[in-house]
Structures are given as C-alpha cells and as structure tokens.
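Please examine the sequence and the three-dimensional model shown below. The paragraphs that follow lead through it step by step.

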Amino acid sequence: MPPTASTPTGVVNTVTESPIDVAAVRAAVESDAAGAVVGFAGVVRNHDGGRQVLSLDYQAHPDASTILAECCRQIEAETGVAVAAVHRVGALQIGDFALYAAAASAHRADAFAACAALVDRIKATVPIWKRQHFTDGTSEWVGL
C-alpha cells in the first residue's frame, strides 16, 4: 500500500504518513506462546553530527510498503520469530516515531535478535530517504 494520509489505524508491515499505531504493531506479534515481546522505536532526535536538528522529512519509493512487508516475511522465515513494523513518512517533528518494530518469541534473546535483524534489514533495503532540517535554516538529505 503506498503511503497516504488515510492509511487506517492498525495496519502493520507498511509505510504510512499517519502516526504509528504502536499498539497495533505489538498486537500483530503477541501470542499466548510469547514470553518476550521486544519493541524498537526509531525516534526523531534533535541533533545529528554535532548539528541541531529542527525536523525531518521522509520520502519513500512507491514500492516501499511492499519491500518493508517482504523484510518482515524474510526475518520471520529466517528466525521463526513473529515480527512486524511500520515506518512513517512525511514531515516529522522531534520526538515523533519514524519507525516502530516489534518481535515476539518464547525467549527474550530470540526476540531481541529478531527485532534487531528486522530494523537492520529495513534500514538497509527499504527505499526511504530522510531530509534533515537544521536550526540554522539549512537542510540536507541523508543516505543518498
């Protein structure tokens, strides 16, 4: 699903312009068999490389949601751990969640490892680009 302002609450394994529904991401992985649920929040911070950040803009390729969902399927297949994630695009402010990922398994080590692998895979493969706006009035694209 391409990112749109009308992405419904509760949708996971996608890219959206809407605020991330953390409860939906967690609910997508939780089960009675899971003794550990691990979540990761990628949060917009107020600095980068010694410069003060005012805000960020994220843009995504039209296939970004499909690729993010595939990352989730791959990590589940590789680890046997339930995972889910949502990445936000558009204008984000300091403190906003840009990415939320979750993993659930019987034991914490497996959940932590799967969540870390999922975040790394998303960052490495999903075509999402970040533009940082600095307090001095300048901006720059990151990771191009």
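The model is a predicted one. A convenient starting point is Ser55, which contacts Leu92, Gln93, Ile94, Arg131, Gln132 and His133, when its neighbours within four places in sequence are left aside. Ser55 itself belongs to strand E4. Its relative accessible area is 11%, and because a residue under 20% counts as buried, Ser55 is classed as buried.

Strand E4, which spans residues 51–60, also takes part in the largest pocket, where it supplies at least two residues of the lining. The same level of contribution, at least two residues each, is reached by strand E2 (36–43), strand E7 (97–105), helix H3 (108–125) and strand E8 (128–134). The largest share comes from E8, with 4 residues.

How much space lies in the largest pocket? The volume is about 520 Å³. The pocket is lined by 23 residues, and those closest to its centre are Tyr58, His87, Ala98, Lys123 and Lys130. Sorted by class, the lining comprises 15 nonpolar, 4 polar and 4 charged residues.

Helix H3 leads on to another part of the model. The axes of H3 and helix H2, the latter formed by residues 64–79, come within 10 Å and cross at roughly 145°. The crossing of H2 with H3 is right-handed. On the H2 side, the contact is made by Ile67, Leu68, Cys71, Cys72, Gln74, Ile75, Glu78 and Thr79. On the H3 side, the participants are Ala114, Ala117, Leu118, Arg121, Ile122 and Thr125. By class, the residues of this contact are 9 nonpolar, 3 polar and 2 charged.

How values were computed. Residues numbered from 1 in each chain as written. Predicted model: local features only at pLDDT ≥ 70, side-chain atom pairs only at ≥ 80, totals over all residues. Heavy atoms only, no water. 1 Å grid on protein atoms, 1.4 Å probe; cavity = no way out; pocket = protein on both sides within 12 Å on 5 of 7 lines; lining within 4 Å. Points joined across faces, edges and corners; volume = space filled by probe spheres on them. Nonpolar A, V, L, I, M, F, W, Y, C, P; charged D, E, K, R; others polar. Buried < 20%, exposed > 50% of the residue type's maximum accessible area, 1.4 Å probe, protein only. Contact = heavy atoms within 4.5 Å. Axes fitted to C-alpha atoms, helices over the stretch in contact; angles between N-to-C directions. Left-handed = near helix turned anticlockwise from the far one by under 90°.
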